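This report describes the surroundings of a bound ligand and a group of aromatic side chains. The sequence and the structure are shown first.

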Amino acid sequence: MTEQSLLLIKPDAVKKNHVGHIITITEQHGFTLKNIKVLQFDRKSAAEFYMMHEGKEFYEQLLDFMCSGTTVALHLERVDAVAKLLELVGDTDPEKRSPNTIRAMFADGVTKNAVHASDSPLSAKRELGLIFKGAF
Ligand code: CMP
């Protein structure tokens, strides 16, 4: 079934000029770009986006990182978009990343991990709404 998902190209990858390359990879894997937004997270918007991680030991570090520079958000579409994008992005844990994933190619570590992808169709709906219909 055709689905929607969200990919955030995070500040580390934007600073290193990987935006074009990452968009090309998504296109080569059958995703259609439906919308794109260049944005700057502040503490309030980053806290809202990552509310499910509040209280975790990495939470403050994650908010600092997401506010540290420009983010590029992509609204992507394809059949099974959520699962296929998670597969293409690769695991959060550097030890578990397959070689051809976006994180294996561009991530520096666990927090500075180049990209975020929605983890379920429900998350995709929420996150696409926040980024493209909210006040981010
Ligand atoms: P993301 O897919 O954006 O979802 C939550 C983010 O929190 C994750 O990518 C990482 O950037 C960060 N993160 C998750 N787990 C850890 C961890 N154990 N230590 C530090 N940062 C983490």
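## Polar contacts of the ligand

In this predicted model, the side chain of Arg-103 places an N or O atom 3.0 Å from an oxygen atom of the ligand. Tyr-50 also approaches a ligand oxygen: a polar atom of the Tyr-50 side chain lies 2.5 Å from an oxygen atom of the ligand. On the side of Thr-111, the partner is a nitrogen atom of the ligand, at 2.7 Å from an N or O atom of the Thr-111 side chain.

The ligand taken alone exposes 460 Å², and the protein buries 80% of that area.

## The pocket and its shell

Which pocket holds the ligand? The ligand sits in the largest pocket. The residues that surround the ligand are Lys-10, Tyr-50, His-53, Phe-58, Leu-62, Thr-92, Arg-103, Val-110, Thr-111, Asn-113 and His-116.

Sorted by class, this shell comprises five polar, four nonpolar and two charged residues. Lys-10 and Arg-103 are the charged members, because Lys and Arg count as charged. Tyr-50 counts among the nonpolar residues, although a polar atom of its side chain lies 2.5 Å from a ligand oxygen.

## Aromatic pairs

A pair of aromatic rings is described by the distance between the centres and the angle between the planes. The structure contains two aromatic pairs. In the pair formed by Phe-41 and Phe-49, the centres are 5.8 Å apart and the planes stand at 65°, an edge-to-face arrangement. Phe-41 and Phe-49 are both buried.

Phe-49 also pairs edge-to-face with Tyr-50, at 5.0 Å centre to centre and with 80° between the planes. Tyr-50 is buried, as is Phe-49. Ring pairs thus join Phe-41, Phe-49 and Tyr-50 into a cluster, and Tyr-50 is also one of the residues around the ligand.

Conventions
Residues are numbered from 1 along each chain as its sequence is written. This is a predicted model: local features need pLDDT of at least 70, side-chain atom pairs count only at pLDDT 80 or more; totals for chains, interfaces and linings use all residues. Side-chain values use heavy atoms; hydrogens and water are left out. A residue is near a molecule or strand if one of its heavy atoms lies within 4 Å of it. A polar contact is a pair of N or O atoms within 3.5 Å; within protein, one must be able to donate a hydrogen and the other to accept it, and residues adjacent in sequence count only if both atoms are side-chain atoms. Accessible areas come from the Shrake-Rupley method with a 1.4 Å probe; for residues, only the protein chains shown count as cover. On a 1 Å grid over the protein atoms alone, a cavity is a set of points where a 1.4 Å probe fits but cannot get out, and a pocket is an open set with protein on both sides within 12 Å along at least five of seven lines; lining residues have an atom within 4 Å of a point. A molecule sits in a cavity or pocket if more than half of its atoms lie within 2 Å of its grid points. Rings of Phe, Tyr and Trp (its six-membered ring) pair if their centres lie within 6.5 Å; planes under 30 degrees apart count as stacked, over 60 as edge-to-face and the rest as tilted. Buried means under 20% relative accessible area, exposed over 50%, partly exposed in between (1.4 Å probe, protein chains only).
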